[in-house]
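Reader: Could you walk me through one part of this model slowly? I'd like a close look at the nonpolar core.

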Amino acid sequence: MPYQLPDSELNLRERLYFPEVIQGVGIIMKQFLRNFFFGRQKDPDVLARDRSLSQNATIAYPEERVPYPPAYRGLHRLVPREDGRPRCVACYMCATICPAQCIYIEAGEYPDDPIEKYPVKFVIDELRCVVCGFCVEACPKDAIRMDTGEHAPPSYTRAAQVWDEKRLLRGPPVSYQNDPWLRRGSPSISPEKLQEMRARAKPFPLNATDEYAQTPGFSVRALASEAKGK
Ligand code: SF4
Ligand code: SF4
């Protein structure tokens, strides 16, 4: 429905023109001075800022950063096991489902473990990635996540956006009680380490939550509230 605008006659003050110009300049100056002196409020949650001081809702990025929402799909990471090796068993399911075909994997076998495979090469071209999250959903080992809360950093070269297994393998380790290397043991893991990993293992979550990582100390929501408290 169109707005109904009043179509009244101009009064004498409006017809004189200059009083209206001066009033307009006054409004602009008031806004300018208010934003100039009170504009840089630090609260990254722009809606929580004191609106009586400033209507300024901009963020001085990158000095100020807004935490991404809990379900944000950030940069990928390869989830490590407690012994520092990747949880990935190089099954190619993420590479197969990836609609952008930006995951490249080369599988290898641990020399000290005849059963387990691992990715000798695991490369993601973050520039081709369409951030759909299918790789995370498809992974049967919870070995790849997008819970870093980061976006791809800017770079001058295309090659810098191609992340290999060394850059991708990061973040807190994860162990589940049904991990095969924990259930049957592995020659590549010492008995003491195996004991420790078994003690830390959690049941595999049946339902994904917005805190998908379910890793203590690695919560995007905790990061958001921490940033808010600053
Ligand atoms: S998020 Fe989507 S496009 Fe990006 S690597 Fe995963 S499956 Fe491929
Ligand atoms: S990240 Fe997951 S889906 Fe991809 S190859 Fe490794 S185990 Fe398979």
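Author: Here is a look at the core, followed by the ligand shell and one loop residue. A quick note on the ground rules: this is a predicted model, where local features need pLDDT of at least 70 and side-chain atom pairs count only at pLDDT 80 or more, while totals for chains, interfaces and linings use all residues. Residues are numbered from 1 along each chain as its sequence is written, and chains are lettered from A and ligands numbered from 1 in the order in which they are written.

The largest nonpolar core has 15 residues. Such a core is a set of buried Ala, Val, Leu, Ile, Met, Phe, Trp, Tyr and Cys residues joined through C-beta atoms within 7 Å. Buried means that 20 or more other C-beta atoms lie within 10 Å of a residue's own; exposed means 12 or fewer, partly exposed is in between, and C-beta atoms are placed from the backbone. The members touching the most others are Leu-78, Val-79, Cys-88, Cys-94, Ala-143 and Ile-144. Helix α3 (93-97) and strand β3 (117-125) each supply at least two residues of this core. Those labels are DSSP runs, numbered from the N terminus: H or I over at least four residues for helices, E over at least two for strands.

Take Ala-143: leaving out residues up to four places away in sequence, Ala-143 touches Leu-78, Val-79, Pro-86, Arg-87 and Cys-88. Touching means C-beta atoms, placed from the backbone, within 7 Å.

Now the loop between β3 and α4 (134-138), where Val-131 sits. Val-131 isn't a glycine, yet has a positive phi near 55 degrees. Val-131 is partly exposed because 15 C-beta neighbours lie inside 10 Å.

Finally, ligand 1 is surrounded by 13 residues, the closest being Cys-98, Cys-129, Cys-132, Phe-134 and Cys-135; a residue counts if its C-beta atom, placed from the backbone, lies within 6 Å.

How values were computed
Contact = placed C-beta atoms within 7 Å.
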